[in-house]
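Thank you all for coming; I would like to spend a few minutes walking through one model, residue by residue where that helps. Please keep the structure open in front of you while I talk.

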Amino acid sequence: MRGFWVPGSTSALIGVLAFSVTLPMTVWAIEGFDPAVVGTGRSVGAGLIALLAVLLLRVPLPPRRMWGSFAVIAVGVGIGFGWLTSLALRTESAAHGAVVIALLPVATAVVATLRGGERPGRAFW
């Protein structure tokens, strides 16, 4: 296997630990910076780390036809999550934000099944 490899459960643990500090650190950051700066900075920082990983691992670029979709995703993640989360945390606690963010995977699954025209069984719901 090429490149850096970490077992799946270790990767998941690292991801959970890293993500668990994102809202408290955002609350701390917006005490001294405008939420737009904090939200943009989060997105730019994450993008630079991802770019570094792509370059180091020599991941091939996606086909050109997919670039528009990636741009829409980047705007949605950058503005929809980073900036709007920073705005919300001006008036809400990090704990409240964590509960809302914890519901996002469930909401994503529900919307995906509806958009895909799927009818999942009772166990899904």
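Let me begin with Arg58, which is exposed, because its relative accessible area is 68% and the cut-off for exposed is over 50%. I should say straight away that this is a predicted model, and that every value I quote is computed from it. Arg58 sits in the loop between helix 3 and helix 4, and its backbone deserves a look, since Arg58 has a positive phi of about 55° although it is not a glycine.

From Arg58 I would like to step back to Gly47, which is eleven residues away in sequence and, C-alpha to C-alpha, 16 Å away in space. Gly47 belongs to helix 3. Is Gly47 buried, exposed or partly exposed? With a relative accessibility of 38%, Gly47 counts as partly exposed, because that class covers what lies between under 20% for buried and over 50% for exposed.

Gly47 also brings us to the largest pocket, whose volume is about 920 Å³. This pocket is lined by 26 residues, and those closest to its centre are Ser43, Ala46, Gly47, Ala50 and Leu51. If you ask which elements give two or more residues to that lining, they are helix 1, residues 8–20, helix 3, residues 35–57, and helix 4, residues 67–88. Helix 4 gives the most, with ten residues in the lining of the largest pocket. As for the character of this lining, it divides into 19 nonpolar residues, six polar ones and one charged.

Two of these contributors also pack against each other, so let me turn to their geometry: helix 3 and helix 4 meet at an angle of about 140°, and their axes are 8 Å apart. That angle makes helix 3 oblique to helix 4, because roughly antiparallel would call for an angle over 145 degrees. The crossing in which helix 3 passes helix 4 is right-handed.

Now for the second largest pocket, where the volume is about 160 Å³. Which elements give two or more residues to its lining? They are helix 4 and helix 5, the latter being residues 94–102. Among the lining residues are Leu23, Gly80, Phe81, Glu92, His96 and Leu104, and the lining as a whole divides into seven nonpolar residues, four polar ones and one charged.

Of these, I would single out His96, which is found in helix 5. Its relative accessibility is 39%, so His96 counts as partly exposed. To place His96 in the wider chain, consider Leu17, which lies 79 residues from His96 in sequence and 18 Å from it in space, C-alpha to C-alpha.

Helix 5 leads me to the last packing pair, in which helix 2, residues 22–29, packs with helix 5 at an angle of about 135°, the two axes being 9 Å apart. Helix 2 is therefore oblique to helix 5, and the handedness of the crossing in which helix 2 passes helix 5 is right-handed.

To close, I would ask you to keep two places in view: the largest pocket, with Gly47 among the residues closest to its centre, and the second largest pocket, with His96 among the residues that line it. I am happy to go back to any of these in the discussion.

Definitions and conventions: Residues numbered from 1 in each chain as written. Predicted model: local features only at pLDDT ≥ 70, side-chain atom pairs only at ≥ 80, totals over all residues. Heavy atoms only, no water. 1 Å grid on protein atoms, 1.4 Å probe; cavity = no way out; pocket = protein on both sides within 12 Å on 5 of 7 lines; lining within 4 Å. Points joined across faces, edges and corners; volume = space filled by probe spheres on them. Helix = DSSP H or I, 4+ residues; strand = E, 2+ residues; numbered from the N terminus. Nonpolar A, V, L, I, M, F, W, Y, C, P; charged D, E, K, R; others polar. Buried < 20%, exposed > 50% of the residue type's maximum accessible area, 1.4 Å probe, protein only. Axes fitted to C-alpha atoms, helices over the stretch in contact; angles between N-to-C directions. Parallel < 35°, antiparallel > 145°, perpendicular 65-115°, else oblique. Left-handed = near helix turned anticlockwise from the far one by under 90°.
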